[in-house]
Amino acid sequence: MKKYVPEPFRIKMVEPIKMTTREEREEALKKAHYNMFNVKANMVYIDCLTDSGTNAMSDDQWSGVMKGDEAYAGGESYFKLLEAGRDIFDYEFIQPVHQGRAAEKVVFPILLGEGKYAISNMFFDTTRAHVELAGARAIDCVVEEAKDPSKIAPFKGNMDVEKMERLINELGPENVGLIVMTITNNSAGGQPVSIENLKQVYEVAKKYNILVDIDAARFAENAYFIKMREEKYKDASIEEIIKECFKYADMFTMSAKKDAILNIGGLIGVKEDAEFFQLVKGNCISYEGFVTYGGLSGRDLEAMAIGLYEGINEDYLAYRIGQMEYLASQLDDAGIPYQKPVGGHGIFLDAKAILPNIPYYEFPAQSLAVELYREAGIRSTDIGSYMLGNDPDTGEQIESEFEFTRLAIPRRVYTQAHLDVIAEAVKNVKERADEIKGLKIKWEPPVLRHFQAHLEPIE
Ligand SMILES: *Cc1c(COP(=O)(O)O)cnc(C)c1O
């Protein structure tokens, strides 16, 4: 088993969590119609639904909250954030927005429209939605090895560059409005992208005169993986690695609810094109608010300026990635399959392999999520056929390539003992895998059903 990397912080404030009984959890599941999004948070012991906005802020960030400048225009917190953004990314233009999808909504319509395409190593769901809302089509082009959960490779988040170039030629370079590099690759299991890959993608993009956007939600975790796994950068600092990564793009869109260790926030960066940034500011004013607050309060801007630096601290990152590796090694010892090697923000359990008796149309990953809650009050989420939904033309359930149950780990929130509880619960559930039944849908809304659908156990 891997050693736990001790926390580079101590606890100054605590939030009690309710300890529930199995009977109470059974009742909560029934009330929630077996949909984890409907379970009340105060009935959850360890909440691994997402790592987005669920972070614990530091004492520095909280004191920043008190100092936030709430001026409508030209507030001090705004300038502090600009300075941090320019310093960390080496980009000339920085624009705050209220979260990641707001950055996408501001930027994408400038570059995309009817008949255009955007290509990504893998689009996050809201990113794909904003490409499509802008009238364009979104195409994923991740390396093949990302699709085999048991295959160990250092950079399973990478773009398949050859396939991307072929696609550009097939679609016509003039029709490709944007290339989006998601670092780390969230949908592939928080898998990192190498600098070598970013560089190759950028070179091809320049050859065809296509702009590159970094979807930067987990840029710091990605930088740490580069330091650990990309030989050439093993002696570089995290700061240097980040600057090197962002050289190979023209802009970034970022959810600051992840690596900036915030509860809400987003950021846009533009490397040097002042004319383009003018358009970004225009859309920001229409959709988000005046440029010096971008849909956030001054206190959020202040907390982001501080959190951006805390998120790139190497000791913090060693602890953060260390938590994932610790949990993963416990699962290895018990022979539990997951997307390997473990990614930056959580464990993606391979529910197809853990619950082989449950077919895709009875939702193995959702069944495993329900069972983990029943077992120990742990909340996780389905990333599989249940999330994918029905074919819009035939109404038939689509079979997903993966059936993942995602345990996303919030930043600086849970301790080693909490991780032990998670590992033990997964082991216990796996031991009685053949008793676990699938689920069927009782009611579903027409789109994004997994947030709202009602399910029931198959007897
Ligand atoms: C979370 C996320 C987004 C969207 O950000 P929100 O802050 O949730 O709007 C976009 N891309 C990636 C890779 C993300 O993880």
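Two exercises follow, on the ligand site and on a pocket of a predicted model.

Local features need pLDDT of at least 70 and side-chain atom pairs count only at pLDDT 80 or more, whereas totals for chains, interfaces and linings use all residues. Residues are numbered from 1 along each chain as its sequence is written, and side-chain values use heavy atoms, with hydrogens and water left out.

**Exercise 1.** Describe the surroundings of the ligand, from polar contacts to composition.

*Solution.* Begin with the shell, in which a residue counts if one of its heavy atoms lies within 4 Å of the ligand: it holds 15 residues, of which Gln99, Arg101, Asp215, Ser255 and Lys258 come nearest. Next, take the polar contacts (pairs of N or O atoms within 3.5 Å). A polar side-chain atom of Gln99 is 2.8 Å from a ligand oxygen, while Gly100 places a backbone N or O atom 2.9 Å from an oxygen atom of the ligand. The side chain of Asn186 has an N or O atom 3.0 Å from a ligand oxygen. Finally, sort the shell by class, which gives two nonpolar, seven polar and six charged residues, with Gly counted as polar.

**Exercise 2.** Characterise the lining of the second largest pocket.

*Solution.* Start from the volume, about 1400 Å³. Then turn to the 38 lining residues, among which Met13, Ala56, Met57, Arg412 and Val413 are closest to the centre of the pocket; a lining residue has an atom within 4 Å of a pocket point on a 1 Å grid, where the pocket is an open set with protein on both sides within 12 Å along at least five of seven lines. By class, the lining divides into 19 nonpolar, nine polar and ten charged residues.

Notes: A polar contact is a pair of N or O atoms within 3.5 Å; within protein, one must be able to donate a hydrogen and the other to accept it, and residues adjacent in sequence count only if both atoms are side-chain atoms. On a 1 Å grid over the protein atoms alone, a cavity is a set of points where a 1.4 Å probe fits but cannot get out, and a pocket is an open set with protein on both sides within 12 Å along at least five of seven lines; lining residues have an atom within 4 Å of a point. Grid points are joined across faces, edges and corners, and a volume is the space filled by probe spheres set on the points.
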